[in-house]
Amino acid sequence: MDAEGSALALWQEYLAGYFDGGAHLVGRASVVFPKATLRFQEASLPQPLKGLGISVVWVTQVRVERRWEVLTAAELALLPAGTPAEQERMQAHCSFLFLVRAVDPPSPGSSPLRQGSGGQAGAASNAQQQVQVAAGKLFGLLQNTAATEPLSEKGISKIRPTPARMAFPGDGAPGADQGYRLRVLSCRAILRWAVASQ
Amino acid sequence: MAASAAKEGLLIEEVKIESNIAGVIGQMARLKRHVPMAAGRALHPDVWEPVAHGVADRTMRALAKPEEQRHVPLVLATLMAVVFPPEGLSLSLHRPGPEAGLRLRVPEQLLGPEHLGSAGEWGPYMFAMPIPEFKELILKWVETPQEDGGKRRDARDAEKTDEEIASYVADVMLSPNKQAQDARRRLLPHILGWLKKQGEEFGWDPKSPESHAGEAGFLDLINGDELKAESLDLWLRAVLAAWRVMVLAGFEPRFRQELLKMQDEL
């Protein structure tokens, strides 16, 4: 089993269930999530990007261990019928990067370097707000134990997200693209997958 | 102990307390000596460079627009993983610069002197290429059938794609560590033999590698649109964030592993 591929497939299934423009329960609260285009690893987002895009990148895995355990019902459901519940299982400490992006549409007559402000210098642009909100909701979602329980049952558990640190371009970096908004959120998690050796 | 001794009918005749402070001081001295050593080994650039390369590649490719993808190898080729004295690690990545084609030569210090001498005129030709073209050249060598001078396949190549084999060979050819240099000395005559044959067939002039860019289908990555400063800025920030996660997650288990190797000395 390809750990990297299966982890990303789980993320895809999980994130697609939330970032669809609808309201979802996070714990006991109903939260409206924006609709986002999802991409994984080096796959580029469609260009020109319309709305919000989230790219998930596998960073690294450490402490890969092998042990015998009883699989969860969700894990067994993914395996052929009749597979014994006690199986050899692999476990690894993994890290992922979530690149949350949005692009402001160019406003008529604006220069490329002012596109992001949409003609409203100093005000938060629509794209800036989109990534801020999306990154915040993603962080909240990943922090919520109840909301991540299904993901945990399928193999990604103990998720520890780090708030999006990179304010872009609000960090005053010279040459920052005013029309391109990005937030980078990282998380560490334990990835477990069955080897199904019997 | 006294209770059990009493039960067994024995009487305690002596209680002794000894100081092991000398042992503790000795242990501290050993730790003081070995912990920085373990940290240095856990942060050795040879360990981190390939991981950092993969993480940077995936991160930049995820951010790059389709028309920007061709710049990713150029930026990646500037990756430097070096010791940050005394026991640290420094990872860096930067803009290749408009004259990337000239700057991105295989650094001489990585190669040892033999390619300039015994390799003949084709040695400097090959190692004077920009790194992306060098990698493309290696891929072409791997793709060439063995009877035409291409790579001889062995058990290690089984179940690997040409790209995977070429990537490994290119890493070996460019790596500064001693083990890789030994492997490079063994590979070099075969690659140069093939290159010479190709050169004779296509009438290349080994003294001017630039003139052949594109001629053999090599990547012509240098010319054309320059990477926008805004895109590079975005890539570098994201890679920095990714590397931060990578080191935070990866250092502790590596450090622990290095300490365990020294267990007998601690």
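This is a chat about a predicted model of a complex with chains A and B.

Trainee: What scores does the predictor give the complex?

Mentor: The ipTM is 0.78 and the pTM is 0.63.

Trainee: And what is the average pLDDT of chain A?

Mentor: Chain A averages 80, with 79% of the residues scoring at least 70. Residues 110–123 of chain A fall below 50, and that stretch has 25 contacts in the model beyond near neighbours in sequence. Residues 169–175 of chain A are also below 50, with 7 such contacts.

Trainee: What about the mean for chain B?

Mentor: The mean pLDDT of chain B is 75, and 72% of its residues reach 70 or more.

Trainee: Which elements of chain B have the lowest and the highest mean?

Mentor: Helix 5 of chain B, residues 100–103, has the lowest mean pLDDT among the elements of that chain, at 42, and helix 3 of chain B has the highest, at 91. Residues 99–110 of chain B stay under 50, and the model has 20 contacts for them beyond four places in sequence. The pLDDT is below 50 over residues 209–224 of chain B as well, a stretch with 24 contacts beyond near neighbours in sequence. Where pLDDT is low, the predicted coordinates should not be read in detail.

Trainee: Switching to the interface: how many residues of each chain are in contact?

Mentor: On chain A there are 29, in contact with 23 residues of chain B.

Trainee: Which strands of chain A each supply at least two residues of that side?

Mentor: Strand 4 (52–70), strand 5 (86–103) and strand 7 (180–194) of chain A do. Strand 4 of chain A gives the most, with 7 residues. By class, the side of chain A that touches chain B has 14 nonpolar, 9 polar and 6 charged residues.

Trainee: Back to helix 3 of chain B. How do its axis and that of helix 11 of chain B cross?

Mentor: The axes of helix 3 (residues 45–63) and helix 11 (residues 229–261) of chain B come within 9 Å and cross at roughly 145 degrees. The crossing is right-handed.

Trainee: Which residues make the contact?

Mentor: Among them are Val51(B), Val55(B) and Met60(B) of helix 3 and Trp235(B), Trp243(B) and Arg254(B) of helix 11. The contact has 14 nonpolar, 2 polar and 1 charged residues.

Trainee: Where does helix 11 of chain B bend?

Mentor: At Phe251(B), by about 30 degrees, and Pro253(B) follows within four residues. Helix 11 of chain B has 33 residues and reaches 45 Å from first C-alpha to last, close to the 48 Å expected at 1.5 Å a residue.

Notes: Residues are numbered from 1 along each chain as its sequence is written. Chains are lettered from A and ligands numbered from 1 in the order in which they are written. This is a predicted model: local features need pLDDT of at least 70, side-chain atom pairs count only at pLDDT 80 or more; totals for chains, interfaces and linings use all residues. Axes are lines fitted to C-alpha atoms, for helices over the stretch in contact, and angles run from 0 to 180 degrees between N-to-C directions. A crossing is left-handed if the near helix is turned anticlockwise from the far one by less than a right angle, and right-handed if clockwise. Two residues are in contact if their C-beta atoms, placed from the backbone, lie within 7 Å. Ala, Val, Leu, Ile, Met, Phe, Trp, Tyr, Cys and Pro count as nonpolar, Asp, Glu, Lys and Arg as charged, and the others, Gly among them, as polar. The expected span of a helix is 1.5 Å times one less than its number of residues. The bend at a residue is the angle between axes fitted to the seven residues ending there and the seven starting there. pLDDT is the predictor's confidence in each residue, from 0 to 100.
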